[in-house]
Amino acid sequence: MAAMQIITNLEQQLHDPPFEILDGQVQPYFESPRRAEMILAALDAAGFPAPQAPRRFGLGPILGVHAEDYVTYLQQAHMRWVASGRPAEAVMPCTMPPRGTAGPSLSPTALAGRYAFDLSAPITAGTYAAARGSADAALSGAALLLEGERYAYALCRPPGHHATRDQAGGYCFINNAAVAAHYLASASETSAGESGVWAMRSPVVAVLDIDFHHGNGTQAIFYERSDVLFVSIHADPDREYPYFSGFADERGAGAGEGYNLNLPLPAGVDDDGYLAALNQALEAIQAYAPHFLVLSAGFDTFDGDPLGDFKLTTPGYAAIGAQIARLGLPTLVVQEGGYAVEELGTNVVSLLRGLGGA
Ligand code: SP5
Ligand code: ZN
């Protein structure tokens, strides 16, 4: 069995926002540091190798998928917010730009609204360091695949798949999976270019998103590209977050037309129903024939998750992993959501064991 390389960043524990606003109510922040503690404890108890600290990649690979002004904002937002006399707990918007407006205001409150699309991505003192470390963890996993490893698991906090090119939302700031997928695609294209084998962009990376919520950020980042296929299985946006994308008729645009596949599912889906959709997703990936797979792994599909309405079980994640492993691809697993904290670690272990990287 191939060894599973595990990477995590410890500064993520500093990212601990006090609250979010969901469905008209102030709620304790679901995406808590305890999630990672539970995962690390379960991996250790299951005998997985000790986690590695990430390598440091600098801003280069992040700017491959994010706007520079947005990343600069993330870096400075908390400091400027506090310097202006606003409360230190968290940067949060109270006004988003009305459709068709932007305006040049540099007020900290204006910036907070411009660079976020919901009220679930508060920026605290430790958020930027955590988000950078989280992206470095995903990039380290990608580098290990380029060096010939079959499997890597990046325990990323904060998660990433909702973050777009220039907006935070849904607990996400830097899109870890997208940064890693772009890095894999660029590295492969560079080496292919040097050897003169491929004159054009060829299939390189597939991103499979199995979080309960549609990966709107990842979809948007790769929507017009054919060198990264995006496939997502998620709750139908007609009833669930992120509401404005994830519909089946979103198939990509321009050069990316046909390279985006959404499989929205109804409430109450169980292991069998989910595995049927997964089979469809894997057929599309197999037809694309990528060199690498990036798996955006959320566990909010679990029965009893406070944010989800699917009914997946712990053994279900092993079955999902086993089915994905049949692709035979070098695979980077990137941690996304999952808020049934008590069972989160066990569910991660189940998926990783199913993949075969025990
Ligand atoms: C990474 C990730 O999983 N982010 C998820 C963000 C979801 N935020 C909005 C949740 C909407 C709350 N509605 C709960 C309905 C209860 N079934
Ligand atoms: Zn989610």
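**Exercise 1. Which protein donors bind the zinc ion (ligand 2), and how far from it do they lie?**

Solution. The model is predicted.
- Step 1: list the protein donors. They are D211 through OD, H213 through ND1 and D300 through OD.
- Step 2: read the distances. These donors lie 1.9 to 2.1 Å from the zinc ion.
- Step 3: place the donor residues in sequence. Their spacing is D-x1-H-x86-D.

**Exercise 2. Assign the geometry of the zinc site.**

Solution.
- Step 1: take the angles. The zinc ion (ligand 2) has four donor atoms, with angles of 98 to 135° among them.
- Step 2: apply the cut-off. Four donors count as tetrahedral if all angles lie between 85 and 135 degrees.
- Step 3: conclude. The site of the zinc ion is tetrahedral.
- Step 4: recall the reference value. Ideal angles for four tetrahedral donors are 109.5 degrees.

**Exercise 3. Describe the surroundings of ligand 1.**

Solution.
- Step 1: locate ligand 1. It sits in the largest pocket.
- Step 2: count the neighbours. Ligand 1 is surrounded by 14 residues, and D23, H162, G170, D300 and Y339 are the closest.
- Step 3: sort the shell. Five residues are nonpolar, five polar and four charged.

**Exercise 4. Trace polar contacts of ligand 1 and its cover.**

Solution.
- Step 1: start with the ligand nitrogen. A polar backbone atom of G170 is 3.0 Å from a nitrogen atom of ligand 1.
- Step 2: turn to ligand oxygen. For H213, a polar side-chain atom lies 3.3 Å from an oxygen atom of ligand 1. For D300, the corresponding distance is 3.0 Å, again from a polar side-chain atom to an oxygen atom of ligand 1.
- Step 3: add the cover. On its own, ligand 1 has 510 Å² of accessible area, and the protein covers 85% of it.

Methods:
Residues numbered from 1 in each chain as written. Chains lettered and ligands numbered in written order. Predicted model: local features only at pLDDT ≥ 70, side-chain atom pairs only at ≥ 80, totals over all residues. Heavy atoms only, no water. Near = heavy atom within 4 Å. Polar contact = N/O pair within 3.5 Å; in protein donor to acceptor, adjacent residues only side chain to side chain. Areas by Shrake-Rupley, 256 points an atom, 1.4 Å probe, with all protein chains shown as cover. 1 Å grid on protein atoms, 1.4 Å probe; cavity = no way out; pocket = protein on both sides within 12 Å on 5 of 7 lines; lining within 4 Å. Sits in = over half its atoms within 2 Å of the grid points. Nonpolar A, V, L, I, M, F, W, Y, C, P; charged D, E, K, R; others polar. Donors = N, O, S within 2.8 Å, 3.2 Å for Na, K, Ca; no water. Tetrahedral: all angles 85-135°; square planar, octahedral: opposite > 155°, others 65-115°.
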